[in-house]
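Dear colleague,

I am passing on the structure we spoke about, with my notes on it below. Please read them with the model open beside you.

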Amino acid sequence: MKKFDIVVVGGGHAGIEAASVVANMGASVALITLDKEALGRMSCNPAIGGSAKGHLVHEVDALGGMMGLLADKTGIQFRTLNKSKGPAVWAHRCQSDRSRYSEQALIDVSNINNLEIIEDSLYDIVVENNKIIGALTSTGLELACSALILCSGTFLNGLMHTGLKSTIGGRFGEKAATGLTEQFTKIGFISGRLKTGTPPRLLKQSINFDILEEQPGDETPEPFSLRTDVSLFPYLPQVSCHLSYTHLGTHEILRKGFAESPLFGGIIQGVGPRYCPSIEDKIVRFKDKVKHQLFLEPEGLDSDLIYLNGFSSSLPTEIQIEAVHSIKGLEEAEIVRPAYAVEYDYFPPYQIDNTLETKLVKGLYFAGQINGTSGYEEAAAQGIMAGINAVLKIQKRKEFVLKRSEAYIGVLIDDLVTKSTEEPYRMFTSRAEHRLLLRQDNADRRLLEYGYNFGLISKEMFNELSKKETLIRKNIDLFQTKKLNTTIANEFLEVFQSTRLDNPETISKLCKRPEVSLEKLLELLGSNQKEPIIEELISNKKVLEQVEIELKYEGYIKRQQDLVDKLERYEDIEIPLSFNYLNLKPLSTEAREKLNKIKPRSIGQASRISGVTPSDISILLVYLKR
């Protein structure tokens, strides 16, 4: 029997983060995966980040995770989305080289001390007194452990559908994990069924790119990771994506296949993602739309495959071919691999705690799509949190839970535990009520200290953050008092067609004007007015950006912080996990049932549970005071 501190099952994005963080925190870990060459394999779109998802990648990076570094090393197009909007919704996205991402993941994971990769699959877990003590693999290997993190992705009883044809598998060419769901339901876990899908892959040489709209990356791309060497970035040649559209003719062709649709015919039982529907779902749900946007995205520098983003489907192959050929630029396109849908088992996440430990079995953690989420980034965020908490538990240290006001990761996990989900959960900026405080550009300022305290961030990087904070604060304080005379200010304001001044004004107030750039404003200052601290600021673009955002949005930021402080008193009132709600008769029946099911950690979390009313919260507060 082999002994490890922690066993991680699954080599996807959640498993990579969980295993690496466990090992980097000094615990021994076994990473069980069917194929080590498939570590971090991008089973759907070969891309990282995007709206809200980019925030998660930056947060994982600030905690010491791997996803940002892997994305930077293997990205072939980098873009900042929503740049025309406010900084709260700016989001980095990169198109990745699919094969290089997996190759780099294997290299980086293999070089981590205390981590052993075992090519096998989980057969069963060993539980004693409601506590995990080991795992059994399909080949008969026995592993003793103090904690186990299950990151099964879409492999639990995975079933792939194309038309009326169904194939057992977790993704194309890979076996499903069968029998595990049944083992867990015997213990007492409740399982559910979800669905996701992937579009067809097209042969690059068969596409007429000349008549398509080109979508290049940023001229000066920005990396995800704080640890990426900017002088070497980007590491790989950069390429363009392209745009095309469906039309009413395409939609009519697709409708011909509805009779053989496993989705509409009831063959697929799992609930699909609301915000990333299949193409057949789109034309049914959005009947008023005459076209739908499609992104043609390369799978890699050396790959002949193009990913047709926006055309996820489970319709018969012949219908897919006819519909694709009706689209501009794809008239002669060859489908190398048709689109398919995949159904898989998951465990509704009210069964886990905010640490991602299951409520039923101590030392057992769920992370990723097993909790009902969709997306690589959501999985990675859960993986790193499960890994950190598993180590803290076996080291008998205080658990780590991020608040909704601290990180998108906190919003993600709180939503899962408190609201659970009956459809694949996807992160959006709109889910975060304090999103102006949770920008991707300040992820290091919010979370790097945590990573440092866990030994996942170097002292040098933490010291750099301390210097950055000092520079930000000193310049903000200076600009709130330093005034520009009307001659200098009006010369600047004329250039930007901004209202002239009658009296001297502080840099802070001038910066609040939407049309005013702090960088340009500081450049106009004469050398006699540029204090050393300002010169240092001008030379550091990232710090300059932080100062400008804080000055421009000072009122909004203060308002959100005041709200956080007001709500914090409810978050600080803890509820014992052993609290018996069923005996609390003054509560409504619905409140008793839901509170007992979810077992919230605080009054704040209890107040976010659907069906728990303000009067229920008042009753809880009275009993807790007693």
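A residue is called buried here when its relative accessible area is under 20%, exposed when that area is over 50%, and partly exposed in between. By that cut-off Asp414, at 5% relative accessibility, counts as buried. Please keep in mind throughout that this is a predicted model.

Salt bridges

Asp414 is a good place to begin, since its side chain meets that of Arg608 in a salt bridge, with 2.8 Å from N to O. Asp414 lies in helix H10 (residues 408-419), whereas Arg608 lies in the loop between helix H20 (603-607) and helix H21 (614-625), so the pair ties together parts that are 194 residues apart in sequence. Unlike the buried Asp414, Arg608 is partly exposed, with a relative accessible area of 22%.

The structure holds 38 salt bridges, and I picked out two others. Arg439 pairs with Asp441, their closest N and O atoms being 3.1 Å apart; Arg439 is buried at 2% relative accessibility, and Asp441 is also buried, with a relative accessible area of 14%. Glu494 and Arg500 form another salt bridge, in which the closest N and O atoms are 2.4 Å apart, and here Arg500 is partly exposed at 48% relative accessibility. Salt bridges that share partners also join Arg404, Asp414, Asp415, Lys419, Glu433, Glu571 and Arg608 into one network, to which the pair described at the start therefore belongs.

Cysteines

How many disulfides does a search of the whole structure find? The search finds zero. Cys145 is in no disulfide, and the nearest cysteine sulfur, that of Cys151, is 13 Å away; Cys145 is buried, with a relative accessible area of 7%. For Cys241, the closest cysteine sulfur is that of Cys94, at 10 Å, which is too far for a bond. Cys241 is buried as well, at 1% relative accessibility.

Helix H17 and what covers it

Helix H17 (residues 541-552) has 12 residues and reaches 16 Å from its first C-alpha to its last, close to the 16 Å expected at 1.5 Å a residue. H17 is mostly covered, in that nine of its 12 residues are buried. These buried residues include the charged-type positions Glu548, Glu550 and Lys552 alongside Val543, Leu544, Val547, Ile549 and Leu551. The cover over the buried residues of H17 includes helix H11 (443-453), helix H12 (459-479), helix H14 (507-511), helix H15 (518-523), helix H16 (532-538) and helix H18 (554-571).

Two strand residues

Ser96 lies in strand S6 (residues 91-96) and is buried at 0% relative accessibility. Leaving aside its neighbours within four places in sequence, Ser96 is in contact with a set of residues including Met42, Ile48, Thr74, Tyr101, Pro298 and Glu299.

Leu159 belongs to strand S12 (residues 159-162) and is partly exposed, with a relative accessible area of 23%. Leu159 and Gly170 are 11 residues apart in sequence and 6.6 Å apart in space, C-alpha to C-alpha. With neighbours within four places in sequence again left aside, the contacts of Leu159 include Ser166, Ile168, Arg193, Ala341 and Glu343.

Backbone features and a surface patch

A cis peptide bond joins Phe233 and Pro234, with omega about -5°, and Pro234 sits in the loop between strand S16 (213-215) and strand S17 (241-245). Two residues other than glycine have a positive phi that you may wish to look at: Asn130, with phi near 60°, and Leu356, with phi near 75°. Asn130 is in the loop between strand S8 (122-128) and strand S9 (131-137), while Leu356 is in the loop between strand S21 (340-346) and strand S22 (364-366). Asn130 is exposed, with a relative accessible area of 51%, whereas Leu356 is buried at 0% relative accessibility.

Finally, Val127, Ile187 and Leu360 make a nonpolar surface patch of about 200 Å². Of these, Ile187 is placed in helix H5 (residues 180-187) and is partly exposed, with a relative accessible area of 35%.

With best regards

Definitions and conventions: Residues numbered from 1 in each chain as written. Predicted model: local features only at pLDDT ≥ 70, side-chain atom pairs only at ≥ 80, totals over all residues. Heavy atoms only, no water. Patch = residues over 30% accessible without salt bridge, like charges linked within 9 Å, V, L, I, M, F, W, Y side chains within 5 Å. Areas by Shrake-Rupley, 256 points an atom, 1.4 Å probe, with all protein chains shown as cover. Salt bridge = Lys/Arg side-chain N within 4 Å of Asp/Glu carboxyl O. Helix = DSSP H or I, 4+ residues; strand = E, 2+ residues; numbered from the N terminus. Buried < 20%, exposed > 50% of the residue type's maximum accessible area, 1.4 Å probe, protein only. Expected span 1.5 Å × (residues − 1). Contact = heavy atoms within 4.5 Å. Disulfide = S-S within 2.5 Å.
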